[in-house]
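These are my notebook entries on a structure that I examined. I record what I looked up, one topic at a time.

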Amino acid sequence: MQAVVFITSIALTVLVLAACLYSLYQTLRAPQQAFVPAILGPKRAWGLFAIAVLSRILLVLLAWVVMRFLLLSQGESPANIPTPWHALSRWDANHYQTIARNGYVSQGADDVLIVFFPMYPILIGLLAPLFGGSQLAAAIVIANLCFGAASVMLYKLAQSLFCSEKAGRIAYVALLVAPFGIFFAAPFTESLFLLVTTACLYYLLQRKYLYAALFGMVATATRSQGLWLLVPAALVALEDLAFRIKHRRRDGFHFPYKALYSALIPVGFLFYLYLNYHTFGDPFRFMVHQKQHWSQELGFFASNLAMFVRQIRDTNPDYYLVQWLPQLLSFFIGLGLVYDMARRKRTLALSGYGLAYTLFSYSPTWLLSGTRYMLCCNPLYLAIAAIPLPKWARYTLAATGAVLLFIYSMVFMSGHFYMM
């Protein structure tokens, strides 16, 4: 079975890559102008924002109430059950708060925290004084506000891309019921990263390169996957150039110099490398700690998928249903959606980014965070919005996603499984 998954994942990747290359060929033959952004009134935008934020608050409270009831029924002491907000602060969430409080350090047990990127801790440190110095309160508020803003931005992107308000609604709902969406409410980087990458793609497709670059800089200071925004930036610039060449007799040829703003996207990552150098004298010190303390280095995605199969075979079902199986399914579902996206018009930059993002996210050895990483793969929500499904099928999928979201939220808040 491991060999089957290994070979199938490579074959599917080659198929998606071929679809992307054919899409590139078609795009260069008939390049399109920048899309026209859809108009979203303030009332509508604030309504979408409020619903998204309230959905996280209600999810946390309801999951906590049910979790507390179940734990008490099993004989757990009420004193050992955390508050809803402390139940969200697990694993990496605590590390971001520590960095916000103490910064990066070169000695002691916290020297390993250099593996976490600086943007989220910086924001936590800036807002903590507004909450009486509480890093946890600041981190949760930032995460939920960013999620609300990201949901609005995704709605606008889908509506503009497909010229359909229905597509915007479908992408929006898909985001709200994503099964591991508890991470959007928790003090993790998911909400911030989703916001800035969606904004970057939104402005790239409008060919507003400077705005896209600014959001891209924040993305590369938030997570390493942000570097792959260079892929859609390059593809959009290439299409822009092809369009200008094709219409040079009508409009005259003007080189798209503003596309060079995209070179600013890695600045956030360079800032992170500088912090490594300033703290340890080595700009790549994070890689050392990543390998020593998390057993992670850049590997091959297909080998990881085969490892998931082995873990499913050898571990308790209560564990692999939360950890290994969702990671395995997320990869194949994700690539399938990217393939469908690559076959559609005006989606080359998005499918290219989705492919690069997915393969890179599944490349670290001893991967535990695949499902969490895929939450921020924006093209997947857009692909879902573009698939023509009957209404009953969409309702069924949304209901299934909502049920899984609630179950995984309780599991996460109970701290019984390591879902990182």
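**Entry 1: the surroundings of Ala-93**

I began with the contacts of Ala-93, setting aside its neighbours within four places in sequence; I found Leu-88, Pro-187 and Phe-188. I note that the model is predicted, and I read each entry with that in mind.

I then looked up where Ala-93 sits, and the residue belongs to helix H4, which covers residues 92-102. Is Ala-93 buried or exposed? Its relative accessible area is 1%. Because buried means under 20% relative accessible area, I entered Ala-93 as buried.

I also looked up a pair of residues in this region. Ala-93 and Phe-183 are 90 residues apart along the chain, and their C-alpha atoms are separated by 9.9 Å.

**Entry 2: the cysteines**

How many disulfides does the whole structure have? My search found zero. For Cys-376, the nearest cysteine sulfur is that of Cys-377, and the distance is 9.0 Å. A disulfide requires two cysteine sulfur atoms within 2.5 Å, so Cys-376 is in no disulfide. I checked from the other side as well: Cys-377 has the sulfur of Cys-376 as its nearest cysteine sulfur, 9.0 Å away, and is likewise in no disulfide. For my own reference, I wrote down that a disulfide is a covalent bond between the sulfur atoms of two cysteines.

I next looked up the accessibility of these residues. Cys-376 is buried, at a relative accessible area of 0%. Cys-377 is also buried, with a value of 0%.

**Entry 3: the whole protein**

I counted the secondary structure elements and obtained 20 helices and zero strands. How compact is the protein? Its radius of gyration is 22 Å, close to the 22 Å that the globule rule gives for 420 residues, so I recorded the protein as being as compact as a globular protein of that length. The C-alpha trace spans about 75 × 55 × 50 Å along its principal axes.

Of the 420 residues, 54% are buried. I then turned to contacts between residues at least 6 apart in sequence, and 77% of these join residues at least 24 apart.

**Entry 4: surface and charge**

The protein exposes about 18900 Å², and carbon and sulfur atoms supply 67% of that area. Finally, I looked up the charges: there are 30 positive and 14 negative ones, and their mean positions lie 14 Å apart.

Notes
Residues are numbered from 1 along each chain as its sequence is written. This is a predicted model: local features need pLDDT of at least 70, side-chain atom pairs count only at pLDDT 80 or more; totals for chains, interfaces and linings use all residues. Side-chain values use heavy atoms; hydrogens and water are left out. Helices (H or I, at least four residues) and strands (E, at least two) are DSSP runs, numbered from the N terminus. Buried means under 20% relative accessible area, exposed over 50%, partly exposed in between (1.4 Å probe, protein chains only). Contact means heavy atoms within 4.5 Å. The radius of gyration is taken over C-alpha atoms; the globule rule is 2.2 Å times the number of residues to the power 0.38. Accessible areas come from the Shrake-Rupley method with a 1.4 Å probe; for residues, only the protein chains shown count as cover. Lys and Arg count as positive and Asp and Glu as negative; His and the chain ends are not counted. The place of a charge is taken as NZ of Lys, CZ of Arg, CG of Asp or CD of Glu.
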